Amino acid sequence: SMATPEFLKSRALADGETAKDAGNKLFKQKKYQEAIEKYTQVTQLMVKHLPGGYDPERALSNHEMLLVTALSNRSQCHLNLGDYHRAQQDAAQAAMFSKRTHVKSIYRAALAFTKLGDNPSALEFVDEVLALSPHNAAAIKLKQIVERKMKKNPPKCAPFVDDRIKCVISDEFRCDLTTGETFKKAIKKFKDSAPDVPAADPFELNQYFNSFVGDRYTVEWNHNGVWEKDVFKMQDVSGIDTYKDMGCSSVDGKGGGPADYGFASVSQSHTHDGEPHFDANLFWSVMIYWKYCGTTFVAEWDKQMADLSKAK
């Protein structure tokens with residue numbers, strides 16, 4: 001007779017538990033490669049019996065819980081073997097299947113990111129652990145390590161930003177906007193009235209630049225002796241103000257400035273391939289304001305530009 005789906009489901013769970021126990025035993029004997037094989041059997045058995053559809057309200061099924069445990073334990077095996085890429089993938093998947101409730105998996109992902117040298121991602125995951133488990137000693141310690149590393153080696157600018165910023169600072173760029181009379185008049189008007197930039201409302205500051213905002217311009221910049229060309233649309237001050245909170249950086253929601261990796265790239269959750277994309281509109285608008293008005297209109301960014309100018 002045909003086995004019922006229910007029977008197959010409970011049979012898979014029983015077989016999965018057996019394989020998991022065997023994996024745990026091998027793990028304790030430090031036979032990580034063999035343990036990985038057992039945990040992989042568990043994941044293969046469970047994947048066929050997961051509930052369909054995503055419902056954040058629904059409690060985890062037994063099959064989901066066993067899948068999370070197997071992925072998480074397999075992640076620890078990879079960590080112990082020094083295979084940090086696989087460790088990170090397993091831990092992040094376990095966190096996802098647990099609907100971001102499995103603290104151990106989120107912590108293991110943070111640890112793997114640390115080992116891979118991706119400190120911004122490590123910080124994101126370790127903060128997630130601490131949100132769920134505020135007194136988690138391991139997470140508190142890991143956060144201190146990650147923050148120390150980030151101070152010591154701040155993430156580099158993305159290469160495309162880095163090279164362009166050098167040109168802006170050393171005046172090796174030219175733009176059809178900045179040579180026009182309209183532009184020169186607007187900048188003079190702004191400087192003569194000297195508004196208190198930090199205190200002013202971004203929308204009030206727009207009035208100085210209305211004459212050229214929203215139009216497209218061409219900028220050429222000297223890339224190691226070769227003049228590259230960007231086309232951009234000039235943004236107004238309130239546009240920049242909105243952008244600084246949108247996380248224009250390689251790590252979503254962190255809103256990095258000119259000295260941070262991924263500055264002026266569209267945050268990765270908003271792009272088709274999950275990679276940060278260079279946003280010439282934002283970049284050149286900010287740089288032209290900085291060069292000709294003496295401010296990017298974001299105090300933190302002004303500070304970073306001053307530091308970068310000293311460093312170059």
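This passage walks through some charged pairs, a surface patch and a few individual residues of a predicted model.

Residues are numbered from 1 along each chain as its sequence is written, and side-chain values use heavy atoms, with hydrogens and water left out. Because the model is predicted, local features need pLDDT of at least 70 and side-chain atom pairs count only at pLDDT 80 or more, while totals for chains, interfaces and linings use all residues.

Salt bridges make a handy starting point. Side chains of opposite charge can pair when their charged atoms come close. A salt bridge here is a side-chain nitrogen of Lys or Arg within 4 Å of a carboxyl oxygen of Asp or Glu, and by this rule the count comes to 13. Helices and strands, which help to place the partners, are DSSP runs (H or I, at least four residues, for helices; E, at least two, for strands), numbered from the N terminus. Exposure comes in three grades: buried means under 20% relative accessible area, exposed means over 50%, and partly exposed is in between (1.4 Å probe, protein chains only).

Helix α1, spanning residues 5–28, holds the pair R11 and D15. Their side chains form a salt bridge, with 3.4 Å from N to O. The two residues are 4 apart in the helix, so about one helical turn separates them. R11 is partly exposed, at 45% relative accessible area, and D15 is also partly exposed, at 32%.

K20 and E17 are another pair in helix α1, 3 residues apart, or about one turn of the helix. Their salt bridge has an N to O distance of 3.4 Å. On exposure, K20 counts as buried because its relative accessibility is 16%, whereas E17 is partly exposed at 33%.

A further salt bridge joins the side chains of K291 and D171, at 3.2 Å from N to O. K291 sits in helix α12 and D171 in the loop between α8 (159–169) and β1 (173–175), so this pair ties together parts that are 120 residues apart in sequence. K291 is partly exposed, with a relative accessible area of 25%; D171 is exposed, at 53%.

What about a charge without such a partner? D279, in the loop between β5 (277–278) and α12 (280–293), is buried yet has no salt bridge. The nearest side chain of opposite charge belongs to R216, 8.7 Å away; for this purpose Lys and Arg count as positive and Asp and Glu as negative, with His and the chain ends not counted. A polar atom of the D279 side chain does lie 3.2 Å from the backbone nitrogen of L282.

Next to D279 in the loop description comes strand β5, where F278 is found. F278 is partly exposed, with a relative accessible area of 24%. Its C-alpha atom is 8.2 Å from that of F263, a residue 15 positions away along the chain.

Over on the surface, K115, R148, K149 and K152 gather in a patch of positive charge. Patches are made of residues with over 30% relative accessible area and no salt bridge, with like charges joined within 9 Å and nonpolar side chains (Val, Leu, Ile, Met, Phe, Trp, Tyr) within 5 Å. The place of a charge is taken as NZ of Lys, CZ of Arg, CG of Asp or CD of Glu. Helix α7 (residues 137–152) gives the most to this positive patch, with 3 residues. K149 lies in that helix, and it counts as partly exposed because its relative accessibility is 31%.

Two residues have backbone angles worth a look. R100 has a positive phi of about 60° although it is not a glycine. R100 lies in the loop between α4 (84–97) and α5 (103–116) and is partly exposed, at 34% relative accessible area. F297 is likewise not a glycine, yet has a positive phi of about 75°. F297 belongs to the loop between α12 and α13 (299–311) and is buried, with a relative accessible area of 11%.

Lastly, Y32 is placed in helix α2 (residues 32–47). Y32 is buried, with a relative accessible area of 14%. Between Y32 and R74 there are 8.5 Å in space, C-alpha to C-alpha, although the two are 42 residues apart in sequence.

Notes: Areas by Shrake-Rupley, 256 points an atom, 1.4 Å probe, with all protein chains shown as cover. Polar contact = N/O pair within 3.5 Å; in protein donor to acceptor, adjacent residues only side chain to side chain.
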